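This report walks through one protein model, from the whole fold down to single residues. Please keep the sequence and the 3D view open while reading.

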Amino acid sequence: MDFRLTVNQTTCIGCRRCIRVCPAAIFYQPESRAEILLRNVSFCIRCGHCVAVCPTGSVEHSLFPAEKVHQADPTLLPTPESLMLLCKSRRSNRGFSKKPVPEPLLDQILEAAHRAPTASNRQEVSYVCITDPGMLHRISQYTIDQLARGVKLLKNPILKPVLKPFMRDNYTLLRRLERLLKEHAKGNDPILRQATALILILTPKQNRFGRDDANLVYQNGSLMAESLGVAQFYTGYLCTAVRRDKKTVWPDCSAWKILLFRQAWPWECRILPIPIT
């Protein structure tokens with residue numbers, strides 16, 4: 001155990017809030033009006049809920065020292081209407097301008113992503129932010145090369161009769177992939193769309209909730225980007241390329257979420273209805 005958790009019995013008022021919010025059931029009260037005690041402290045998932053709800057600061061957690069805990073001002077929170085507007089306005093915008101994303105905005109996006117909840121609060125999410133034009137070009141070319149190999153395999157006249165019954169979804173996408181390769185051959189960038197920043201969201205392979213954690217992180221970062229006026233979208237092409245590549249040694253990760261960023265055109269936003277099927 002690399003932390004210390006105690007209850008200051010001198011200031012504790014026995015409100016039982018820590019008991020109600022602790023997901024690991026560490027806090028307990030043997031009988032009515034008795035002192036709040038601790039058990040199985042090693043089960044703590046380091047979420048900080050106990051510290052956050054204690055009205056007297058009696059729960060002392062070494063990972064959440066008093067000088068780093070601040071009261072949130074509810075008047076600064078977005079209204080339900082403004083939050084809903086943000087959710088409705090967020091789009092996977094590929095209409096990028098040529099203006100790069102300032103580093104302070106990328107920092108804010110990453111901070112928002114880092115604040116996302118994860119399973120059991122394990123927080124086993126890593127980020128790689130790439131802004132180097134040469135590296136971005138190499139990543140785009142790598143993806144195209146991997147997709148081209150996949151197209152070649154699907155079109156193989158000998159293998160096609162064998163593969164098609166088991167890979168119908170892949171053959172449905174074949175035309176789209178061929179169009180993608182043609183666009184690249186013309187000198188366009190159908191993969192990264194000339195994005196000036198790319199964020200890779202990674203989780204360890206042994207984390208069975210890795211993909212779920214990455215999805216939660218992605219949504220936080222995406223909404224922050226939207227609020228900052230930064231165009232962004234998630235692309236599965238690079239994820240697909242990484243997963244089908246059995247030769248390149250990649251980090252031992254189970255989830256790859258790719259966020260592409262660039263300053264958006266100053267277009268007016270239109271909220272579109274979602275058809276109900």
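A residue counts as buried under 20% relative accessible area, as exposed over 50%, and as partly exposed in between. N121 has a relative accessible area of 23%, so N121 is partly exposed. The model is predicted.

**Overall fold**

The protein has 277 residues, and 35% of them count as buried. Its secondary structure comprises 10 helices and eight strands. Contacts over long stretches of sequence are frequent: among contacts between residues at least 6 apart in sequence, 75% join residues at least 24 apart.

**Loop residues**

N121 sits in the loop between α4 and β5 (126-130). Its phi is near 55°, a positive value in a residue other than glycine. Most residues other than glycine have a negative phi. Q123 lies in the loop between α4 and β5. The phi of Q123 is near 55°, again positive and again not in a glycine. How buried or exposed is Q123? Q123 counts as partly exposed because its relative accessibility is 32%, and the partly exposed class runs between 20% and 50%.

T196 is found in the loop between α8 (174-185) and β6 (197-204). With 17% relative accessibility, T196 counts as buried, because the cut-off for that class is under 20%. T196 also has a partner from elsewhere in the sequence. Its C-alpha atom is 5.7 Å from that of T131, although the two residues are 65 apart along the chain.

**Helix packing**

Two helix pairs are described here. The table gives their geometry.

| Helix pair | Angle | Axis separation |
|---|---|---|
| α5 (residues 133-154) and α10 (residues 237-244) | about 65° | 9 Å |
| α4 (residues 103-114) and α9 (residues 210-227) | about 145° | 7 Å |

Take α5 and α10 to begin with. α5 passes α10 in a left-handed crossing. On the α5 side, the contact is made by I139, Y142, T143, Q146, L147, R149 and G150. On the α10 side, Y237, L238, T240, A241, V242 and R244 meet them. By class, this contact has seven nonpolar, four polar and two charged residues.

Now α4 and α9. Which hand does the crossing of α4 and α9 have, left or right? The crossing is right-handed. From α4, the residues in contact are Q108, I109, A112 and A113. From α9, they are V217, N220, G221, M224 and A225. Six of the residues in this contact are nonpolar and three are polar, with no charged residues.

**The largest pocket**

What is the volume of the largest pocket? The volume is about 720 Å³. The pocket has a lining of 18 residues. R46, C47, G48, F64 and R115 are the lining residues that lie nearest its centre. Helix α2 (residues 49-53) supplies the largest share of the lining, with three residues. By class, the lining divides into eight nonpolar, eight polar and two charged residues.

**In brief**

The α5 and α10 contact includes two charged residues, whereas the α4 and α9 contact has none. The lining of the largest pocket has eight nonpolar and eight polar residues. In the loops, T196 is buried, while N121 and Q123 are partly exposed.

Terms used: Residues numbered from 1 in each chain as written. Predicted model: local features only at pLDDT ≥ 70, side-chain atom pairs only at ≥ 80, totals over all residues. Heavy atoms only, no water. 1 Å grid on protein atoms, 1.4 Å probe; cavity = no way out; pocket = protein on both sides within 12 Å on 5 of 7 lines; lining within 4 Å. Points joined across faces, edges and corners; volume = space filled by probe spheres on them. Helix = DSSP H or I, 4+ residues; strand = E, 2+ residues; numbered from the N terminus. Nonpolar A, V, L, I, M, F, W, Y, C, P; charged D, E, K, R; others polar. Axes fitted to C-alpha atoms, helices over the stretch in contact; angles between N-to-C directions. Left-handed = near helix turned anticlockwise from the far one by under 90°. Contact = heavy atoms within 4.5 Å. Buried < 20%, exposed > 50% of the residue type's maximum accessible area, 1.4 Å probe, protein only.
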